[in-house]
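Student: Please take a close look at salt bridging in this model. I would like one connected account, with the surroundings of each pair included.

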Amino acid sequence: MSAGLLQSAQTLLAGLISLGRTRFELFSTELREELARLTTALLGGLAVLVLAALGVAFGAVALVLAVGEEHRLMTVCAIAAAFIAAAAILAWRLRRLAALKPRAFDSTLAELARDYEAIKP
């Protein structure tokens, strides 16, 4: 084996290691960003959910107490139907929102695909 061939192989290996390290650094950065975004979304969503539930519950109780005794059953049924309809609409919107979100680690996967195409024989 000649010294030039060995030097070329070492240079190629060093380049591949450097490229792999860059890709793993990108992956770890995306993973941290995704975890931070997910944590913020979960905590914010939970706070919104609790506050909204309290507000709606107090509003529903006030409405039931405000109507006359002869219309309370109808009012409770109407409020329950409104809650069910709101839950269905929210579930539908969340499903649409989840479908629109890009894949996690999309840029890392794209870079790895480019790397694969570059080194493919």
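Tutor: A residue counts as exposed when its relative accessible area is over 50%, as buried when that area is under 20%, and as partly exposed in between. Keep those cut-offs at hand. The model is predicted.

Searching the whole structure gives three salt bridges. Start with arginine 21 and glutamate 25. Their side chains meet at 3.1 Å, N to O. The two residues sit four apart in helix H1, which puts about one helical turn between them. Arginine 21 has 58% relative accessibility, so it counts as exposed. Its partner falls in another class: glutamate 25 has a relative accessible area of 41%, so it is partly exposed.

Next come glutamate 34 and arginine 37. This salt bridge has an N to O distance of 2.9 Å. Helix H1, which holds glutamate 34, covers residues 3-66. Arginine 37 lies in H1 too, three residues from glutamate 34, about one turn of the helix. Now the accessibility. Arginine 37 is at 40%, so it is partly exposed. Glutamate 34 is at 23%; that is not under 20%, so it too counts as partly exposed.

This pair has a visitor from elsewhere in the sequence. Lysine 101 is in contact with Glu34 and Arg37, leaving aside neighbours within four places in sequence. Lysine 101 belongs to the loop between H2 and helix H3 (106-119). Its relative accessibility is 36%, so lysine 101 is partly exposed. Two C-alpha distances help with orientation. From lysine 101 to alanine 87, 14 residues apart in sequence, it is 21 Å. From glutamate 34 to glutamate 70, 36 residues apart along the chain, it is 53 Å.

The remaining pair is glutamate 69 and arginine 72. Here the N to O distance is 3.8 Å, against a salt-bridge cut-off of 4 Å. Glutamate 69 has a relative accessible area of 64%, so it is exposed. Arginine 72 is at 28%, so it is partly exposed.

Helix H2 covers residues 72-100 and includes threonine 75. Threonine 75 has 12% relative accessibility; that is under 20%, so it is buried. Beyond its neighbours within four places in sequence, threonine 75 touches Leu63, Val64 and Val67.

One more charge is worth a look. Arginine 96 sits over the face of tryptophan 92, 4.9 Å from the ring centre. Aromatic pairs are absent: a search of the whole structure finds zero.

Finally, the nonpolar side of the picture. Phe24, Phe27, Leu31, Leu35, Leu38 and Leu42 make a nonpolar surface patch of about 590 Å². Leucine 38 is in helix H1. With 41% relative accessibility, leucine 38 is partly exposed. Patch members need over 30%, so leucine 38 clears that bar at 41%.

To recap the salt bridges: arginine 21 pairs with glutamate 25, arginine 37 with glutamate 34, and arginine 72 with glutamate 69.

How values were computed:
Residues are numbered from 1 along each chain as its sequence is written. This is a predicted model: local features need pLDDT of at least 70, side-chain atom pairs count only at pLDDT 80 or more; totals for chains, interfaces and linings use all residues. Side-chain values use heavy atoms; hydrogens and water are left out. Buried means under 20% relative accessible area, exposed over 50%, partly exposed in between (1.4 Å probe, protein chains only). Patches are made of residues with over 30% relative accessible area and no salt bridge: like charges are joined within 9 Å, nonpolar side chains (Val, Leu, Ile, Met, Phe, Trp, Tyr) within 5 Å. Accessible areas come from the Shrake-Rupley method with a 1.4 Å probe; for residues, only the protein chains shown count as cover. Rings of Phe, Tyr and Trp (its six-membered ring) pair if their centres lie within 6.5 Å; planes under 30 degrees apart count as stacked, over 60 as edge-to-face and the rest as tilted. A charge sits over a ring if NZ of Lys or CZ of Arg is within 6 Å of the ring centre and within 35 degrees of the ring normal. Contact means heavy atoms within 4.5 Å.
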